[in-house]
Each structure stands twice: as C-alpha cells, then as structure tokens.
Amino acid sequence: MRKPILVIMAAGLGSRYGGLKQIAPVDDAGHIIIEFSLYDAYRAGFRDVVCIINPANEKDFDERFGQIKSKINIQYAYQVLTDIPAGYTLPEGRAKPWGTAHAVLCAKPQIHGPFAVINADDFYGADAYAILYNFLENKVRNDLYAMVGYQIENTLTESGTVARGVCTAKENYLIGIKEVLQIKPAPGGAEYEEKGEVIHVPAGTLVSMNMFGFPASLLTEIENRFTAFLDAKLQENPLKCEYLLPTVVGDILNDKRVEIEILPTADRWHGVTYAEDMPGVRAAIAKMKEQGLYPQYLWK
C-alpha cells in the first residue's frame, strides 16, 4: 500500500491576502500557519505533500518552502478556472474558483494512494495529524473514510460568529453534518439562532473543520459527479456556485456507499477568522513553544 499523502488546499491563500508575503506571521520567527501544518504532518509520518495553489503564487510558495523541501517532497497542483470538463464553457465574468472539491480534483494526477485533506490557513494541532496518518496507514478502504472531529468549544472565537459543520454521530461514525452559520460561544458550549429561536450546542459536540482522510477512489467520485454539478448549478448561479468537498462526501454518505469514521481530537483549532483573532493565535503558539511542543524555528 502506498504511503499517505497530505493534500493542502491553498489556492485561495495568496489571493485572499494579496500574496503570501502579505500574510501575517503567527510567531516571532515569522512562520505562517501552513508551516506549522507541514511540521506537524512531518512528525506524524507524512513525507509527500501536494499543495494546491494558484499558479500566480508559485514563486512565493517556493521561497516560503525552501528549507522544508529538504525534509518533505512537496509538489504543486494548480487550481484554474478553465480546468472544467470538455463541452463546458467558462461563464463570462466568472472569477470565483470552483470550490474545494474542484481543488482536490485538480490534484488527481499527483495522488496515487490514500490521502488527507486540510485547509492551508487552519491550525489543526499535532494530535490531529497523528491520528489521521494512523488511519490512512492502517484502516482506510474504498468504503471507509475518516473525518477529524473537534469539540465545538475548541473551535470558536470571541471576536464574532463562525460557520461550523455540526456532526451527528453514532458510535464514532458520522451520520450527517449540518452546516450552521453564525455560531458563537455560550455558557456550556455554543449557540446560534434558527428561525428566531436560540439553539444551544452542548460542549463536546463534534464539528468538522475540513480535515478528512480518503482512499484514492474518492477522486473518481469527485470527477464523475462534477458534470452533474455543472449541469445544475450553472443554470442557477453561474458566477458564484461552488463544488464543495463536504457536499460531495455528504452525498456519498447519504447514498450509503461509505462509512465515515470520526477521529476525535481534544486539540484546539486556531485560525484568523477576524483580524482581532491574531493576538490570541500568536499567544497560543507562544505558549506551545514555551511548553516545548514546537521549537523556536521549525525547520532549523
């Protein structure tokens, strides 16, 4: 069996910030979040990485990954708007990428075995990579996927509301994910409003942060379903429709063709959803360094 591959969805990273050089570092050594992801992945056992990027940002990524490439084999895949099936035309005025499922599909030529998928700008924690790598090494099958599940209270921000995929599970297997908007911290967990009613989400409830483990066969599923997506959504919303990875996975789950094992982690997720989040993220990473969980300079 081939060794697990880490796939990083980074095509929007430079675009959102005007280039990698404009992304604010999260520690005094100048690291950005994706470098911690690669470090944690390396410690977990990953040696091959496919980074899905915008071709315009390749030089910036090369400069950022200079030292890291001596440790990990990093390849690039390119998410471009014109990469759609034959017979389809790019809608006039379309500038928005096609979404996360399309991003992963763009990496198909480089993925030849089980793989993990993460967002480039989320700090997932070392435990998440360790448990996901173990799953991909020992358990993954064509009919068994994995999702790292975070306790909801470990994924919130005091700076505002967030969107989260709230999971329903039975014996550590996923039954469904409900995409909930505008969740905020509350005593004993979190809360959100739905149709004028305040809904409480208890602490310990597991949520998805888009960290998955898959067999290579998922790529065929994504490819086969893309034309149906285009047929439907290009009529409804040609400029902004998105082909999303959680939606594809949810559809396969609903077809009862796979099981998705939830891999729970007690790690805390960190991210800069709002500018006001940055001081807290920097403080958290500084504390982890003080505790010896990370060296001052990750790759030296």
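# Salt bridges and helix packing: a first look

Arginine 225 and aspartate 255 form a salt bridge, with their closest N and O atoms 3.3 Å apart. This pair links distant parts of the chain, since arginine 225 sits in helix α6 and aspartate 255 in the loop between α7 and β11 (259-265), 30 residues apart. Please keep in mind that the model is predicted. Across the whole structure, a search finds 15 salt bridges.

**Around arginine 225**

- Arginine 225 counts as partly exposed, at 22% relative accessibility.
- Its partner, aspartate 255, is partly exposed too, with a relative accessible area of 43%.
- Salt bridges with shared partners join Glu221, Arg225, Asp255 and Arg257 into one network.
- Arg225 also takes part in the contact between two helices: Leu218, Glu221, Ile222 and Arg225 in α6 meet Leu245, Val248, Asp251 and Ile252 in α7.
- By class, the residues of this contact of α6 with α7 are five nonpolar, no polar and three charged.
- The axes of α6 and α7 lie 11 Å apart, and the helices pack at an angle of about 100°.
- An angle from 65 to 115 degrees counts as roughly perpendicular, and α6 and α7 are therefore roughly perpendicular to each other.

**Two further salt bridges**

- Side chains of opposite charge can pair when their charged atoms come close.
- Glutamate 242 and lysine 96 meet through their side chains in a salt bridge, at 3.7 Å from N to O.
- Glutamate 242 lies in the loop between α6 (218-236) and α7 (245-254), and lysine 96 in the loop between β3 (73-78) and α4 (100-106), so this salt bridge ties together parts that are 146 residues apart in sequence.
- Glutamate 242 is partly exposed at 36% relative accessibility, and lysine 96 is partly exposed at 33%.
- Another salt bridge brings together the side chains of glutamate 194 and lysine 178, at 2.8 Å from N to O.
- Here the distant parts being linked are two strands, with glutamate 194 in β8 (residues 189-194) and lysine 178 in β7 (residues 173-186), 16 residues apart.
- Glutamate 194 has 32% relative accessibility and counts as partly exposed.
- Lysine 178 is partly exposed as well, with a relative accessible area of 38%.

**Where α2 meets α5**

- Helix α2 (residues 33-44) and helix α5 (residues 126-138) have axes that come within 8 Å and cross at roughly 40°.
- That crossing makes α2 oblique to α5.
- As for its hand, the crossing of α2 and α5 is right-handed.
- On the α2 side, Ser37, Asp40, Ala41, Arg43 and Ala44 make the contact, and they meet Ala126, Tyr129, Ala130 and Tyr133 in α5.
- Sorted by class, the contact of α2 with α5 has six nonpolar residues, one polar and two charged.

**A buried lysine**

- Lysine 289 has its place in helix α8 (residues 278-290).
- With a relative accessible area of 13%, lysine 289 is buried, because buried means under 20%.
- Leaving aside residues up to four places away in sequence, lysine 289 touches Asp27, Ala29, His31, Phe36, Tyr294, Pro295 and Gln296.
- One of these neighbours, Phe36, falls within the range of helix α2 (residues 33-44).

Key. Residues are numbered from 1 along each chain as its sequence is written. This is a predicted model: local features need pLDDT of at least 70, side-chain atom pairs count only at pLDDT 80 or more; totals for chains, interfaces and linings use all residues. Side-chain values use heavy atoms; hydrogens and water are left out. A salt bridge is a side-chain nitrogen of Lys or Arg within 4 Å of a carboxyl oxygen of Asp or Glu. Helices (H or I, at least four residues) and strands (E, at least two) are DSSP runs, numbered from the N terminus. Buried means under 20% relative accessible area, exposed over 50%, partly exposed in between (1.4 Å probe, protein chains only). Axes are lines fitted to C-alpha atoms, for helices over the stretch in contact, and angles run from 0 to 180 degrees between N-to-C directions. Angles under 35 degrees count as roughly parallel, over 145 as roughly antiparallel, 65 to 115 as roughly perpendicular and the rest as oblique. A crossing is left-handed if the near helix is turned anticlockwise from the far one by less than a right angle, and right-handed if clockwise. Contact means heavy atoms within 4.5 Å. Ala, Val, Leu, Ile, Met, Phe, Trp, Tyr, Cys and Pro count as nonpolar, Asp, Glu, Lys and Arg as charged, and the others, Gly among them, as polar.
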